[in-house]
Structure formats: structure tokens, C-alpha cells
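Work through the exercises below with the model open. Each task is followed by a solution in steps.

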Amino acid sequence: MEGYEVVSLPACIADWFAARGWTPHRHQLALLAHAEAGESALLVAPTGGGKTLAGFLPSLAALAVAPPEGLHTLYISPLKALAVDVHRNLDAPIAEMALPIHAETRTGDTPAAKRARQREKPPHILLTTPESLALMLSFPAARDQFARLRAIVIDEVHALEGSKRGDLLALGLARLAVLAPQARRVGLSATVAEPRRLARWLGAGQAAEPVVVRGRGGVRPDVAILVPEARMPWSGHMALNAMPEVYNAIRGARSAIVFVNTRAQAELCFQALWRLNDDNLAIALHHGSLAVEQRRKVEAAMSAGRLRAVVATSSLDLGIDWGDVDLVVQVGAPKGVSRLLQRIGRSNHRLDVPSRALLVPANRFEVLECRAALEAIEAGELDAPRERPGGLDALAQHVLGCACHAPFLADALYEEVRAAPPYRALDRKTFDDVLAFVATGGYALKSYERFRRLFHSADDRWHAVGPLVARQYRLNVGTIVEEPMLSVMLRRRRKLGEIEEYFVQGLELGDTFMFAGQLLRFDGVRESAVDVSLATGDTPKVPVYAGGRMPLTTELAARVRGLLADPARQRDLPAPVRDWLRLQRARSVTPRPDGLLVELFPRGGKQFLVAYCFEGRHAHQTLGMLLTRRMARAGLHPLGFVATDYVIAVWSLHPVRDVAALFDRDMLGDDLEAWMAESSMLRRTFRNVAIVAGLIERRHPGKEKSGRQVMFSSDLIYDVLRSHEPDHVLLRATRAEAAAGLTDIRRLSDMLARAAGRITVQRLERVSPLAVPVLLEIGRESVYGESMDELLDEAVRDLVAEALGDPADGPQGRLL
């Protein structure tokens, strides 16, 4: 890093720093030096270290005097909101330095006329998203548009690597390496467990691997666990009991972001805070289903310092720079250390001031997870995502986009694709299978004209069949497949946002539900819109949005197991949680970090098995399916199971005798294959894969398919392929995605391997204290607020009394 401080800045930029009393950070000068040498770089620096300015500084310096026409710098953000915020923050110094530089955004919200103008006359700096980049690359003019490109800046790069959006972006970067080989790259990130691996991903298609530049560390964040004065819940995920304490924390802050894990939780927490808002504080709501105009209003108000708090989901996780925010509240367990640090970094956006955060666990197991997260932060431990091969559906989409841009040679495109790190190990046969699918639909579908999208010419090039293929591609580009959505229209006039179609199908006329922070009455469905009016009362049906729950990461799960096994690390836990764990040790045992605890006990005429796996909800759901299959085959008559991030419970008519055999790793062979073939999960996964791959278009020019039409189409095609081409490339992609995501086979396999020969079996006379939370999950009704609390209170009293036996045996009152 020596010598970076002597890199010269143009006078106008140096004067701008001096006028503010600032000195450029060494990592900012480092990026400038690497840019002057034509080198790509990954910058890893803490929040508040001026990463975004560092990424743009070489471009501003290069364009400061008489900038040439054409696109010079392409900025790629994982969030539209982040691109808009960065654009606003970039325009300010450009104006203050009077630089002759023009910057614009280009996202899905950009009007068509502006997008067309940007293709003809691009700005110097264009801020966009991975999906919009894929769109731009699909136009014939892409080669000319990117011909003068000199820099590509990718913000929050860690949030893209390892995902299907990242696969599409890596393919786009490999394409840009061909169209604009002179363009250097800059990756920006605050939370990276393996910088060298991320640098290799960033350098897709480039001859030299980007260098890693590290910024100096910031002040250690100030993070605490908020323990509510009310009872510590045994179960549940909303943490509404803690809202009085959260409200008091907001009152004591200059400005706060209250992060939650799901959109339904955002609605509930916002309403709970609003009911407590006797001080009439300006509190807003922000999540991905709200209308874009509403989200932009909230972002602008927060940026201007007009809000005391905003309740938000992951829609505000990344990069938004609101200097007035001095407190972050995480409601519910964080699920991962890297994600938690990303959220915490939104507070006190400066290197010399500690970020301040409160963690608000919703139940007792979440207290353990929050404690484990604090320990991980102290140790500087981050979550390391596992490498995974690129999705074949994303590859199919990219191949079609390349054909829309210009005819291509298969050999050349294969080599280009393999330059993208997720596809480095892609074999030629699989690539040819993907190409055949894009061209004709594959062997089983090639007789259908509608699936013909490419043709092979005499000069050995592949061409798009016609302009309609390109139009349909551009309407359906991207890898984010959401549940079918309907617009929510207030009195048929104002759009409040969008809500999942399946939720609306469960409503009856007159039903009420919470959305956009308001209680609404369902008045009917009209085409693709839900008509609503304002309602009165306080007992709505609450939207349960699809997705939004992140599984517990492997690293954090290991720390929770270690915390449970070590009483010395439990001293700082709240008294009810310490007593809970002490009574568990008295009644049974606590799980070991390197094994598996399985408890067996009778209850209510049924036989219960509770396994403390700590591998996340997805892996536990799969394990439950496989265990019940095995138990049925053994004549144990399983009746059901329930899974949380921490524990799985299975109940049956007859007790399990051989626990070790039940948890043998061979369940991941024939049992897994048979279950996946029979389950509806593969059909749902195939639908998403087919949409991403372009086999099923949700949107057509002038119209959009309903969710029911998409499902009907995908089910028909799925059955045809299973019957006539079981090795079809999309079925392979479906199985791979299910194994990596919804079923989390790798984590399940690792857990079974760890448990082999290390299973501790506890045969008990009644439920153990540690099993009470998972049993409370069984048969829970979808009720709201205080009604839910009352039902849980009744269940808790019964279960705790049963777990403790004689009241004289322990402090039941404190446990409750």
C-alpha cells in the first residue's frame, strides 16, 4: 500500500476534499492508483469508510476535464433503492465541483422513452441493476453502447456472489469482457469472509485477477440484546411483546431503522409501534410489496431527516447512506452474522463512531442465537457462503439474450461462459443440452413451434428466430421469481402496492387485512387488481408473504450449539433463559456441539421424537419428510412433524426403538429420491426454473399470465418431461436447485455425518423444558396479536407444568 498517498488528484477534486476538511482515505487513493495502472480491484472496507466514493473516484478524476462522449462507468447495485440513493449522493459532489459529468439511473422503474434515449446517447455514468444490465446486453446496439466503457463498479458484491442473480451477473461480466475488454472492475463490500474467492468472481473473463484492497478497520459496533420487561416468550417469531421497549429506544434515538425478517412482520411491528406512538413521532414503513412511489417517498424523507424511524425488511439492507441514523433495531433473530453486520452498518455511517444496534429476540431460542451472533461479532467471524455451480436456467436465459444481441458461434460462447466463475466447471455436453433447449425446447418439446427460439444457419451461427422472441425475452428477463402478485387499489383509485395472489384467494368479501400500514377491507377482485377500502377495528387477517425467511447459517448454528453445551458462556443470558437451560440439564441433557441430541417421550396418547439439529428450517423440513417415510415403513404410524430453525419434532402412534438406524445417512439415497419424486416441491421448483429459463413466459407483449395459468402450464410441461425426457436439462436444474435451496441437502448430509456414532438418546417420561418451544409450534392458528398471545399463554402453562412436574421442583413463575 506504500505510495498511494502521492497519487495526484485533479485540482478540483483535491480542493473539494480540502474545503470539507477531509483527507482521502488510503484505500480511496489505492483504488485511484490501481485504476491508473489499469488494474481491477476488490475493496473490502467497513461501513462509513467511503467505499462508494472510492469506487467512483477514479472515474470522476478521469472525467473531470473535457470528458469524452459515451458511457464511461457502469455502476451495478443489487437494489434499485440503492442505485437511486447512490445517484443522489453522486450528483451532489458532481454539482459542487462543477464537473461536466452526466450520471443517470437505469432500472425497471425507468420510463421506456428514457431507456431508449440512453441507448442512443448514454450518460457518462450509468447506475443500474443486474437485470437491467442483462437487458442492455440483449440489444443489437450493446457493442456500440459499451465500446467506450472504462470502468465497472459493483456495489455490495458479496450480496450477489453465490446467488442466481449473481450467476446472471457473472455471465454478463464475461460478456462485457468481450464487448469492452478495456474496462477495469471495482468491487465494493464491507462483509467478506473470503476476499480472494470474491475477487476471482469479480474478475470473470479478465486475464488478471483483481487485487484485494483493505480499508482500515472502524470502531467496534455497540450491540446489545434488548430484553423486554414483559415475560420472555417460549415461541413465536413476531416479538410484538417487546414493542414498548423498541418504541422507547426510538424515542431516545435521533433516527432509527427497525429491521424485521418478513413483510408480514413489518406490517405488524409498524402497527404495534403506531399504537404506542403517543409522542406522534414520524414513523414509516418500507418493504418490497409497497408501491414504488411510496417507497421512494419514505427513502427521500429518511434521507432528508424528516423521519424518526422506518420499519423495514431486507429492502433497506444494503448500502443506503442516511447520516442521521444512529440506531438500528433488529427484531427477530439475525440468522447470519454477515447479514446482521450489514444491517448494523446502517447506523452512524462513519469510521470513527461506533454503529449502535439492539437485537430483539422473539423467543428463547432466538435469545441464544442473538447471544451467539454477539460472540461472532466479537471474534470477527463472518458467514462463508459455500461455492455452488451456476444455475442452468440462468445460463439458458443468458444464451437467449446473447442471440437477441447478435448471432453467435457455439464454440465461442461456450468458452466465454466458462470464463464466468460459477460456470468454470461446465462440461460441453451440458452446455450443448442448454443450447438445444433454448433452440427447440429439447427432445420432448421440439415438435412444438412455440418452443422454437433459435435456428442454426449455414455459417454455423445461432440466430434468434424473430423479433417476437427478443421482445418476450426482454419482458421476462431476470432470475427473481416471486409469487403471482395483484395490485392493491384503494377505492379503485390509488395503488398501495402488490400482494400475493394466493393470499387474496383465501379472502372473503368483507374480510380485513393489514397492508401498507393500514387496516383494509377486501371489496373484491377486478382483473389483476384487488379493490379495498379503509376499515375499522383491530383484528385483521395479516398477509403471510411468500419467502422472506432466511435459514440459520452454518457458522451461527455451530455457535448456538457451542453456547448450549457450555454453562460458563450462559452467565450473561436473561434469568428466564438461564433457568430454562438449568432445568433442561436437570430433566434431560443439553445438546453437544459435535453430536445430536434426540429426546423421546409420550404425550397425549402419542409418542414424540424431538431432535436438536440446528441446521435451519429447510434442512429440517426435508429431514421431517424423510423420517416420517422411514417411520411409516417401520409400522410406527407417524402422524406429523413440525420444524423450526433449531429443532424438529415428529409424533407417532408407536415409539421409536432404534434411533441410530432412523438417522442413518442412507436416507439421502432412495428415500430422498422417492420423496422428491412424489412431493409437490419439485413441481413448484420446476415452475420457477422454467420461468427463469424462458420456457414459460409470465409476461407477453400486451398481457400478463395469472399465477394459475403459469402453474397450469408448468405442471403440464413437467409431466411431459418426466414421462418422455427424464434427463431434460430443466429437470436436472430443478433437482439441483431443490437440493441446494429448499431441501438444503448438503447441510442435512453434514449433520447426519457429524451425528454418526454420536447420537445421545434421552428416553423421558414427559416433555423436556427444551422441547416446549417446538411443541408450541404444533397446530398454531393464524390469529392476530393479543388473541395469539392468549392461546400461547394457555399452551405454555400446560406444557411448562408438564415439563416441570411438581411446582416445588423449580421456579415456574420466573420461567413463565
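**Exercise 1.** Find which residues threonine 430 touches, leaving out those up to four places away in sequence.

*Solution.* This is a predicted model. Start with the contacts: threonine 430 touches Leu392 and Arg732. Next, place the residue: threonine 430 sits in helix 17. Then check its accessibility. The relative value is 13%. Buried means under 20%, so threonine 430 counts as buried.

**Exercise 2.** Describe the salt bridge between aspartate 432 and arginine 428, and classify both residues by accessibility.

*Solution.* Take the distance first: the closest N and O atoms are 2.9 Å apart. The cut-off is 4 Å, so the pair qualifies. Now locate the partners. Both lie in helix 17 (residues 428-440), four residues apart, or about one turn of the helix. An α-helix has 3.6 residues a turn, so residues three or four places apart point the same way. Last, accessibility. Aspartate 432 has 31% and arginine 428 has 28%. Partly exposed runs between 20% and 50%, so aspartate 432 is partly exposed, and arginine 428 is partly exposed too.

**Exercise 3.** Determine which helices the salt bridge of arginine 630 and aspartate 671 ties together.

*Solution.* The closest N and O atoms of this pair are 2.9 Å apart. Arginine 630 belongs to helix 22 (residues 617-633), and aspartate 671 belongs to helix 24 (residues 670-678). The pair therefore ties together parts that are 41 residues apart in sequence. Both arginine 630 and aspartate 671 are buried.

**Exercise 4.** Place the salt bridge of arginine 559 and glutamate 375 in the chain, then find the network around it.

*Solution.* The side chains meet at 3.6 Å, N to O. Arginine 559 is in helix 20 (residues 554-565), and glutamate 375 is in helix 14 (residues 364-379). They are 184 residues apart, so the pair links distant parts of the chain. Arginine 559 and glutamate 375 are buried. Now follow the shared partners: Glu375, Glu381, Arg559 and Arg569 join into one network. For the whole model, the count comes to 40 salt bridges.

**Exercise 5.** Check the span of helix 25, and decide whether it is enclosed or open.

*Solution.* Helix 25 (residues 681-693) has 13 residues. At 1.5 Å a residue it should span 18 Å. The end C-alpha atoms are 18 Å apart, which agrees. Ten of the 13 residues are buried, so helix 25 is largely enclosed by the rest of the structure. Among the buried residues are Met681, Phe686 and Ile691. Glycine 694 follows helix 25, with a positive phi near 85°.

Methods: Residues are numbered from 1 along each chain as its sequence is written. This is a predicted model: local features need pLDDT of at least 70, side-chain atom pairs count only at pLDDT 80 or more; totals for chains, interfaces and linings use all residues. Side-chain values use heavy atoms; hydrogens and water are left out. Helices (H or I, at least four residues) and strands (E, at least two) are DSSP runs, numbered from the N terminus. Buried means under 20% relative accessible area, exposed over 50%, partly exposed in between (1.4 Å probe, protein chains only). Contact means heavy atoms within 4.5 Å. The expected span of a helix is 1.5 Å times one less than its number of residues.
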